[in-house]
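Please look over the chain shown here. A short briefing on its fold, its pocket and a few selected residues comes after it.

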Amino acid sequence: MPHPPHQSLKVAAVPKPRVPARAEDGPWHAEAVCRRDEAGLFFAPSKEPTAARLSREEAAKRVCARCPVMVACREHALLQPEPYGVWGGLTAAERRVVLARMRRRSAELRQAPAAGPVAAAG
Ligand code: SF4
């Protein structure tokens, strides 16, 4: 996000200082509410216990739920794809599931026989 704190974190997957918005960032970045939150909420520290991770991710999702650019953020995270952190209200694991479904659907569409002419109604 312009990242919100995110892009600077995706490689190491550990909280780092926020980075300022850059001119090349998309317009949605400027609206990201997570800039005002701690980056550590969106990215797991190393060796985070499961219960703590679940709690942190739920808290991050609550921030995303009130973010005006959630859809754009989610699309960005899926397209990249962003391997770590909560983006657009989805955890990394949830994004992997979505991406797997998208790949399956795409494969199904490629294998589907070509549609014949559509009959005129009436
Ligand atoms: S949807 Fe969540 S992660 Fe994305 S910009 Fe908004 S608050 Fe940040």
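The points below go from the whole chain to single residues.

This is a predicted model. The chain has 4 helices and 0 strands. Of its 122 residues, 37% are buried. The largest pocket holds about 180 Å³ of space.

**Overall fold**

- Along the sequence, the pattern reads α-α-α-α.
- Among contacts with a separation of 6 or more, 52% join residues 24 or more positions apart.
- The chain exposes about 7700 Å². Carbon and sulfur atoms supply 59% of that area.

**Largest pocket**

- The pocket encloses about 180 Å³. Its lining has 15 residues, and those closest to the centre are Ala44, Arg56, Glu57, Gly85 and Ala92.
- By class, the lining divides into 9 nonpolar, 2 polar and 4 charged residues.
- Two helices, helix 2 (50-65) and helix 4 (92-111), each supply at least two lining residues.

**Helix 2**

- The 16 residues of helix 2 should span 22 Å at 1.5 Å a residue. The end C-alpha atoms of helix 2 are 22 Å apart, so the expected and modelled spans agree.
- The buried residues of helix 2 are Arg56, Glu57, Ala59, Ala60, Lys61, Val63 and Cys64.
- An α-helix has 3.6 residues a turn, so residues three or four places apart point the same way.
- Helix 3 (70-79) and helix 4 are among the elements that cover these buried residues.
- Arg56 and Glu57 appear in two roles: they are buried in helix 2, and they are listed with the residues closest to the pocket centre.

**Loop between helix 1 and helix 2**

- Val33 is found in the loop between helix 1 and helix 2. Its relative accessible area is 8%, under the 20% cut-off, so Val33 counts as buried.
- Val33 is in contact with Val63, Arg66, Cys67 and Pro68, leaving aside neighbours within four places in sequence. One of these partners, Val63, is itself a buried residue of helix 2.
- Val33 and Arg66 are 33 residues apart in sequence. Their C-alpha atoms are 7.9 Å apart in space.
- Lys47 also has its place in the loop between helix 1 (6-9) and helix 2. Is Lys47 buried or exposed? Lys47 is exposed, because its relative accessible area of 83% is over 50%.
- Phi of Lys47 is near 60 degrees, a positive value in a residue other than glycine. Most residues other than glycine have a negative phi.

**Helix 3 and the loop after it**

- Cys73 lies in helix 3. At 5% relative accessibility, Cys73 counts as buried.
- Cys73 and Leu90 are 17 residues apart along the chain. The C-alpha atoms of Cys73 and Leu90 are separated by 9.8 Å.
- Pro81 lies in the loop between helix 3 and helix 4. What joins Gln80 and Pro81? The link is a cis peptide bond, with omega about -15 degrees.
- Most peptide bonds are trans.

**Helix 4**

- Ala93 is found in helix 4. The relative accessibility of Ala93 is 40%, between the 20% and 50% cut-offs, so this residue counts as partly exposed.
- Ala93 and Pro83 are 10 residues apart in sequence. From C-alpha to C-alpha, the distance between Ala93 and Pro83 is 8.8 Å.
- Helix 4 serves in two places: it supplies at least two residues to the pocket lining, and it helps cover the buried residues of helix 2.

Terms used
Residues are numbered from 1 along each chain as its sequence is written. This is a predicted model: local features need pLDDT of at least 70, side-chain atom pairs count only at pLDDT 80 or more; totals for chains, interfaces and linings use all residues. Side-chain values use heavy atoms; hydrogens and water are left out. On a 1 Å grid over the protein atoms alone, a cavity is a set of points where a 1.4 Å probe fits but cannot get out, and a pocket is an open set with protein on both sides within 12 Å along at least five of seven lines; lining residues have an atom within 4 Å of a point. Grid points are joined across faces, edges and corners, and a volume is the space filled by probe spheres set on the points. Ala, Val, Leu, Ile, Met, Phe, Trp, Tyr, Cys and Pro count as nonpolar, Asp, Glu, Lys and Arg as charged, and the others, Gly among them, as polar. Buried means under 20% relative accessible area, exposed over 50%, partly exposed in between (1.4 Å probe, protein chains only). Contact means heavy atoms within 4.5 Å. Accessible areas come from the Shrake-Rupley method with a 1.4 Å probe; for residues, only the protein chains shown count as cover. The expected span of a helix is 1.5 Å times one less than its number of residues.
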